[in-house]
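Student: Please take one part of this structure and examine it closely, at the level of individual side chains. I should also like to see how that part is placed within the chain as a whole.

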Amino acid sequence: MLISPSHNASIGNKPFSDKVESYNDNTLLKQQAEIKTFVDPITPCKGDMAAIDRRHIRIVDEFAVKSWDFDSIKIN
């Protein structure tokens, strides 16, 4: 797996199990893995509207609207 130079330097000579855990904790790697789920495996280099729509739903409808809903803000 290709990782950033800074991530590679930070994991150094740690045991493999620690390295794998660091991949799971890395938000950039998580984002890359998630984006892969929205790409059409037949034409992976071509952005299509269906993939864009799926990603939009994930970001806006499933995350942003739920996370930042003004009606759910509690005022003391």
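**The last helix and the segment after it**

Tutor: Tryptophan 68 is a useful starting point: its relative accessibility is 59%, and since exposed means over 50%, tryptophan 68 is classed as exposed. The model is a predicted one, and every value below is computed from it.

Tryptophan 68 belongs to an aromatic pair, and a search of the whole structure gives 1 such pair. Its partner is phenylalanine 63; the ring centres lie 5.3 Å apart and the planes meet at 80°, so the arrangement is edge-to-face. The angle decides the class here, because planes over 60 degrees apart count as edge-to-face. Phenylalanine 63 itself is partly exposed, at 42% relative accessibility.

Helix H4 covers residues 49-67. With 19 residues at 1.5 Å a residue, H4 should span 27 Å, and the 25 Å between its end C-alpha atoms agrees with that. The helix does carry a bend, of about 30°, at isoleucine 57. Three residues of H4 are buried, namely Ala51, Arg55 and Ala64.

One arginine of H4 is thus buried, but another, arginine 58, is partly exposed at 33% relative accessibility. Arginine 58 takes part in a salt bridge with glutamate 62, with a nitrogen-to-oxygen distance of 4.0 Å. The count of salt bridges comes to 1. Why do these two positions suit one another? Glutamate 62 and arginine 58 are 4 residues apart in helix H4, and are therefore separated by about one helical turn. An α-helix has 3.6 residues a turn, so residues three or four places apart point the same way. Side chains of opposite charge can pair when their charged atoms come close. Glutamate 62, like its partner, counts as partly exposed, with a relative accessibility of 42%.

Beyond the helix, phenylalanine 70 lies in the segment that follows H4. Phenylalanine 70 is exposed, its relative accessible area being 70%. Together with Ile73 and Ile75, Phe70 makes a nonpolar surface patch of about 420 Å².

This part may now be set against the whole. The protein chain has 4 helices and 0 strands, and its elements run α-α-α-α from the N terminus. Of its 76 residues, 13% are buried. The chain exposes about 6,600 Å², of which carbon and sulfur atoms supply 60%.

For contrast with the exposed aromatic side chains, consider leucine 29, in helix H3 (residues 27-36). Its relative accessible area of 13% makes leucine 29 buried, because the cut-off for that class is under 20%. The C-alpha atom of leucine 29 is 9.6 Å from that of serine 4, a residue 25 positions away along the chain.

To draw the account together: H4 bends at isoleucine 57 and holds the salt bridge between arginine 58 and glutamate 62. Phenylalanine 63 and tryptophan 68 form the edge-to-face pair, and Phe70 contributes to the nonpolar patch with Ile73 and Ile75.

Terms used:
Residues numbered from 1 in each chain as written. Heavy atoms only, no water. Patch = residues over 30% accessible without salt bridge, like charges linked within 9 Å, V, L, I, M, F, W, Y side chains within 5 Å. Areas by Shrake-Rupley, 256 points an atom, 1.4 Å probe, with all protein chains shown as cover. Salt bridge = Lys/Arg side-chain N within 4 Å of Asp/Glu carboxyl O. Helix = DSSP H or I, 4+ residues; strand = E, 2+ residues; numbered from the N terminus. Buried < 20%, exposed > 50% of the residue type's maximum accessible area, 1.4 Å probe, protein only. Phe/Tyr/Trp six-rings, centres within 6.5 Å; stacked < 30°, edge-to-face > 60°. Expected span 1.5 Å × (residues − 1). Bend = angle between axes of the 7 residues up to and from the residue.
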